[in-house]
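Visitor: I have a structure open on my screen and would like to talk it through. Could you walk me round?
Guide: Gladly, let us look together.

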Protein chains: 2
Amino acid sequence: MAQRQPMMTEDCETTCFGTEQDLACVKEEMIDDQAAASMADWFKAFSDPTRIRIVSALLQRELCVHDLTVLLDMGQSAVSHQLRSLRNMRIVKRRKQGKTVFYSLDDAHIEQIFLQTLQHIGHE
Amino acid sequence: MAQRQPMMTEDCETTCFGTEQDLACVKEEMIDDQAAASMADWFKAFSDPTRIRIVSALLQRELCVHDLTVLLDMGQSAVSHQLRSLRNMRIVKRRKQGKTVFYSLDDAHIEQIFLQTLQHIGHE
DNA sequence: CTAACATATGAGCAATCATTCATATGTTCA
DNA sequence: TGAACATATGAATGATTGCTCATATGTTAG
């Protein structure tokens, strides 16, 4: 625990390869905290099976909430909650028509990201 | 709550656009549950700022655990725990050299995914 | 062998999350 | 207006997560 302080000075040049300068250089190129948080949030939006399935359905066409509950075989409230977070992340948008609310994708890149990831997962 | 049963039969053709057949067709094309879970897990691996920062550092070069703790300004245990989950997801691999363990990326696609996402987040 | 070091890991804890339940809002139809 | 419907939302709850603390494992030097 108290080994952190002495490490910074000299040891690092001997134990790990690279000098302090090299480390500083890596730090310079690293993503900043805010960007890291944004990026994590973006991935987090897709980090749940229910949301993945919703996006997968909406990739095919616009759908109302009820149809999504049927497709996902889930309660209306659960679907609605997830749609809200997808909406907050600007992944999904809504269109109201009478009593019904239709949801569709709000981001042109999603299909590409989706297919790319599917392919990546595919060969495992 | 009890409105789900009657919905399935006729209402859907009137309230939401599309017939039951159309819905069945969407369901057919939807991602299956297992693939949805895999995909969610993959995204989950990148859904935390600490892991994003680790990957960001490793994108530049191989690094030992200690150097990562310095770069991230975090406790050794926290970094080690996150490295383990990245390792379990095959995002990161390790190479042992004496006392030191060096980590590096284990997936060629990560840089592409990373840059693509950064670009996506960028214009907001 | 022992001491110092580098990393890994299990338990505990606070925070976040996904779902359910109950209810609210808003729309259409009679 | 009132009833039925479609969706949204707040509270409660169980599960998961990310971190800390303490300690274990493994390595090297003396």
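Visitor: Which residues in helix 5 of chain A are buried?
Guide: A word of caution at the start: this is a predicted model. Eight of the eight residues of helix 5 of chain A are buried, so this helix is largely enclosed by the rest of the structure. The names are A:Val65, A:His66, A:Asp67, A:Leu68, A:Thr69, A:Val70, A:Leu71 and A:Leu72.

Visitor: Thanks! What is the relative accessible area of A:His66?
Guide: A:His66 belongs to helix 5, which spans residues 65-72 of chain A. Buried means under 20% relative accessible area. A:His66 meets that cut-off because its value is 18%.

Visitor: How far apart in space are A:His66 and A:Val101, C-alpha to C-alpha?
Guide: In sequence, A:His66 and A:Val101 are separated by 35 residues. For chain A in general, residues 24 or more positions apart account for 45% of the contacts with a separation of 6 or more. From C-alpha to C-alpha, the A:His66 and A:Val101 pair is apart in space by 9.0 Å.

Visitor: In what order do the elements of chain A run from the N terminus on?
Guide: Chain A has 124 residues, of which 47% count as buried. Its secondary structure comes to seven helices and three strands. Read from the N terminus on, the order is α-α-α-α-β-α-α-β-β-α.

Visitor: Which strands of chain A stand at the edges of the sheet?
Guide: The open sheet of chain A has three strands in the order 1-3-2, with antiparallel pairing. An edge strand here has a single partner strand, so one of its sides is left without a neighbour in the sheet. The two edge strands are strand 1 (63-64) and strand 2 (92-97).

Visitor: What is the bridge partner of A:Gln97 in strand 3 of chain A?
Guide: Strand 2 of chain A and strand 3 (residues 100-105) of chain A run antiparallel and are joined by six bridges. Within that pairing, A:Gln97 is bridged to A:Thr100.

Visitor: Moving to chain B, which residue in the hairpin turn has a positive phi?
Guide: In chain B, six bridges join strand 2 (residues 92-97) to strand 3 (residues 100-105), and the two run antiparallel. One of the bridged pairs is B:Val92 with B:Leu105. The hairpin these strands form has two residues between them, and the residue in the turn with a positive phi, about 65°, is B:Gly98.

Visitor: What kind of axis relates the two chains?
Guide: A turn of 180° and a shift of 0.0 Å along the axis lay chain B on chain A with an RMSD of 0.0 Å. Such a relation is that of a two-fold axis.

Visitor: Which residue of chain B comes closest to the rotation axis?
Guide: The copies meet through the same surface, because 100% of the interface residues of chain B are also interface residues in chain A. As for the axis, the closest C-alpha in chain B is at 2.7 Å and belongs to B:Phe43.

Visitor: How do helix 3 of chain A and helix 4 of chain B stand to each other, and which residues of helix 4 make the contact?
Guide: The axes of helix 3 (residues 33-44) of chain A and helix 4 (residues 49-58) of chain B come within 8 Å and cross at roughly 115°. The two are therefore roughly perpendicular, and the crossing is right-handed. From helix 3 of chain A, the contact residues are A:Asp33, A:Ala36, A:Ala37, A:Met39, A:Ala40 and A:Phe43. From helix 4 of chain B, they are B:Pro49, B:Ile52 and B:Arg53.

Notes. Residues are numbered from 1 along each chain as its sequence is written. Chains are lettered from A and ligands numbered from 1 in the order in which they are written. This is a predicted model: local features need pLDDT of at least 70, side-chain atom pairs count only at pLDDT 80 or more; totals for chains, interfaces and linings use all residues. Side-chain values use heavy atoms; hydrogens and water are left out. Helices (H or I, at least four residues) and strands (E, at least two) are DSSP runs, numbered from the N terminus. Buried means under 20% relative accessible area, exposed over 50%, partly exposed in between (1.4 Å probe, protein chains only). Two strands pair if DSSP finds at least two bridges between them. Copies are superposed by least squares on the C-alpha atoms of residues with pLDDT of at least 70 in both. Contact means heavy atoms within 4.5 Å. Axes are lines fitted to C-alpha atoms, for helices over the stretch in contact, and angles run from 0 to 180 degrees between N-to-C directions. Angles under 35 degrees count as roughly parallel, over 145 as roughly antiparallel, 65 to 115 as roughly perpendicular and the rest as oblique. A crossing is left-handed if the near helix is turned anticlockwise from the far one by less than a right angle, and right-handed if clockwise.
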